[in-house]
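This report walks through one protein model, beginning with a single strand and its surroundings and then turning to the chain as a whole. The structure is shown below.

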Amino acid sequence: MPRTRTIRLAGLGLLLVVGCDRRPDSESPTARWDVVETLREEAAAERHASDGGGSAWIEGGALGADGPPAAGRPGRWTLTYEAGPLGVAEGGWIFLQAPPFWSWSTPQVLDLERPGFTEVSTEAEGVVLEPATLDHTLLGIEVRGRALREGERVRMVYGAGPAGAVGDRYAETGRFWIGVDGDGDGVRGLVDSLLAIRIEAGPAARLQLTLPSTARPGDTVRLTLAALDAVGNTGTEIDAEIELSGLGAGLEGPTAVRLDPTAGGRATCELSVVGEGIFAVAASGPDGLWGQSNPLVATADGRRILWADLHGHSGLTDGTGSPADYFTYARDVAALDVVALTDHDHWGMEPLALHPHLWQQIVDETARVHKPGRFVTLLGYEWTSWIHGHRHVLYFDDRGEIFDSTDPEFDSPLELWAALEGRSALTFAHHSAGGPIATNWEIPPDPTFEPVTEISSVHGSSEALDSPRLIYSPVPGNFVRDILDRGFQLGLIGSGDGHDGHPGLAHLAGVNGGLAAILSEELTRGGVLEAMKARRVYATNGPRIVLRAALCGRPMGSELEVGADGRCTLQPEGMVNELDVLAVAPELLQSIEIIRSGQISEAIPCEDSRVCRASRSLEALRPGEYVYLRVLQTDGGAAWSSPFFIR
Ligand SMILES: [Zn+2]
Ligand SMILES: [Zn+2]
């Protein structure tokens with residue numbers, strides 16, 4: 001979620017654009033027209049030829065003068081701005097913009113002792129610089145006395161005091177920006193120099209172990225291991241032998257693995273599944289380092305579970321790190337099967353919709369790391385509508401464009417779906433019950449493009465008011481359960497919407513996260529698309545809970561026909577509306593709740609076990625009803641099946 005906006009506004013001459021726009025018949029209950037109008041004004045602002053002129057660099061390059069600071073630790077960066085041919089007029093401005101997200105120190109000039117103290121100086125005689133903090137990561141420097149001429153420089157030492165400047169809590173390759181309002185009219189442009197910075201991970205604090213959730217006897221499976229710091233950053237300086245336990249009967253493999261810094265503290269090893277059973281692997285290293293994998297359920301039958309995080313952001317908009325960092329983490333740390341980087345169309349320092357070369361980076365990187373059968377990537381972006389609510393758009397091929405939610409041509413979901421007509425694409429409403437903006441459900445989800453909805457992410461759960469880890473700023477009546485009550489047929493998934501560069505593990509640094517479990521034998525874009533269209537998916541708020549569910553012998557997400565007697569017309573001989581459930585969780589389970597048409601019809605206790613199994617006969621099903629399952633761990637972790645829809 002964007003925390004703040006730090007772009008200096010034009011404020012003049014743009015009311016025409018805004019005034020011409022028609023208001024739609026319906027909108028989000030928490031629509032933000034003020035934001036849309038500001039974004040449109042900024043996009044249309046006329047820039048003077050001197051705005052954004054000149055060049056800039058960081059002393060010591062990406063590492064900074066004193067070497068790269070670790071995440072959340074103070075550092076000092078010395079930046080130099082050199083005026084271009086048009087200079088900076090008297091009354092013009094130079095801006096130092098630290099990354100606007102993730103708790104960077106506010107650059108300030110008032111208190112040497114406090115973090116973020118910034119020393120500003122020039123050798124240009126007669127030029128007086130007047131620096132002041134303008135926003136929480138923005139320092140403005142007004143040029144007084146006379147104009148700054150071509151070749152003249154301004155030096156900025158960010159973190160010049162004893163407390164330095166505290167950088168990102170997330171390890172990243174990031175950047176600073178220098179802005180210039182060359183004529184002093186209140187509109188700035190960004191200087192076209194890449195001021196790259198690097199933040200290192202802190203010390204190793206946990207071992208992250210991931211196994212696939214499903215396998216068949218005879219399979220070889222991959223165990224993925226990573227030593228992460230306290231907030232989940234990869235790239236720790238570990239150099240140690242890690243002992244593995246839990247192997248033996250049924251699951252065989254090495255008993256130790258070496259982690260070293262040349263591989264970023266990451267490794268994989270192959271294990272053989274020799275029998276049926278439920279397995280987990282634990283690992284221990286020096287200084288009490290420890291971790292335990294998710295459960296692996298090895299059986300001869302049952303659909304394969306693919307784990308996906310289909311929603312997240314990089315430093316190209318309001319997240320952290322590069323697209324390459326994002327995909328590396330998804331594959332080599334979180335061991336995801338499927339991932340999408342869905343940066344915002346129109347948000348952040350340089351909106352993707354207005355900077356096609358940035359979008360091209362995402363297109364290229366998504367295609368480069370896509371390996372069907374091993375690691376599936378989907379091209380996507382977030383249609384960040386502040387009128388109807390956010391939706392991310394996923395393409396199931398290598399082509400894809402941005403339909404900008406601030407463009408009056410594409411600013412309603414109906415226009416977005418019309419633009420996607422004929423394309424292999426899906427859209428996903430998210431944080432739909434509240435958060436930064438709730439979804440406008442008055443426009444029903446398009447059945448072709450929106451078969452499923454995201455109910456859990458870092459923002460919390462949009463399932464229902466009685467949900468664990470509820471979304472902030474909830475809007476009563478706007479929950480996913482409310483819209484199922486209205487008769488919309490939607491499958492349920494989770495995805496992180498992480499901004500910390502940790503796809504698949506967004507819950508490590510915060511409280512809540514989101515994952516999508518996709519029931520598909522085929523690890524391909526086609527296999528994922530087919531399963532989502534069939535709603536053969538479920539959601540979790542982070543943990544890799546195995547959830548099996550069948551009603552009348554059909555998988556979750558199915559439509560089931562019932563006769564006048566209230567019984568499924570298609571069901572195995574001798575059974576009446578039988579619901580079979582199995583949950584296998586990484587933590588202790590509290591209960592499995594059956595939610596039938598808006599009500600919890602039964603809470604099946606799980607007696608603090610990690611495995612919970614039940615069969616129930618659902619009485620007298622009526623057309624129009626829906627049934628889904630909510631699995632609760634004792635620690636607040638949860639999974640939600642897609643509903644069964646009765647017709
Ligand atoms: Zn969003
Ligand atoms: Zn998002």
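In this predicted model, strand β26 is covered on both faces. Val-376, Leu-378, Gly-380, Glu-382 and Thr-384 lie on one side, Thr-377, Leu-379, Tyr-381, Trp-383 and Ser-385 lie on the other, and all of them are buried. In a regular strand, side chains alternate between the two faces of the sheet. The strand covers residues 376–385, and 10 of its 10 residues are buried, so β26 is largely enclosed by the rest of the structure. A residue is called buried here when 20 or more other C-beta atoms lie within 10 Å of its own.

**Neighbours of β26**

Strand β25 runs parallel to β26, and Val-338 has Val-376 in β26 as its bridge partner. Between β25 and β26 the chain passes through helix α4 (residues 356–369), and the resulting β-α-β crossover is right-handed. Strand β27 pairs with β26 in the antiparallel sense. A hairpin of three residues connects β26 to β27, and Gly-380 is matched with Leu-394 in β27 as its bridge partner.

**A three-stranded sheet**

Elsewhere, an open sheet of three strands has the order β30-β29-β31, and its pairing is mixed. Strands β30 (460–461) and β31 (491–494) stand at the edges with a single partner strand each, so one side of each has no neighbour in the sheet. Strand β29 runs parallel to β31, with Ser-456 opposite Gly-494 in β31.

The bridge counts for the strand pairs described above are listed here.

| Strand pair | Residues given | Direction | Bridges |
|---|---|---|---|
| β25 and β26 | β25: 338–341 | parallel | four |
| β26 and β27 | β27: 389–395 | antiparallel | seven |
| β29 and β31 | β29: 452–457 | parallel | four |

**The chain as a whole**

The protein contains seven helices and 43 strands. Its radius of gyration is 26 Å, close to the 26 Å that the globule rule gives for 647 residues, so the protein is as compact as a globular protein of that length. Along the principal axes, the C-alpha trace spans about 95 × 65 × 40 Å. Buried residues account for 53% of the 647 residues. Of the contacts between residues at least 6 apart in sequence, 70% join residues at least 24 apart.

The domain assignment gives domain 1 (55–199), domain 2 (206–298) and domain 3 (543–647). Taken over C-alpha atoms, the centres of domain 1 and domain 3 are 57 Å apart.

Definitions and conventions:
Residues are numbered from 1 along each chain as its sequence is written. Chains are lettered from A and ligands numbered from 1 in the order in which they are written. This is a predicted model: local features need pLDDT of at least 70, side-chain atom pairs count only at pLDDT 80 or more; totals for chains, interfaces and linings use all residues. Helices (H or I, at least four residues) and strands (E, at least two) are DSSP runs, numbered from the N terminus. The radius of gyration is taken over C-alpha atoms; the globule rule is 2.2 Å times the number of residues to the power 0.38. A residue is buried if 20 or more other C-beta atoms lie within 10 Å of its own, exposed if 12 or fewer, and partly exposed in between; C-beta atoms are placed from the backbone. Two residues are in contact if their C-beta atoms, placed from the backbone, lie within 7 Å. Two strands pair if DSSP finds at least two bridges between them. A crossover is right-handed if, with the strands pointing away from the viewer, the path from the first strand over the helix to the second runs clockwise. Domain bounds come from an automatic or database domain assignment.
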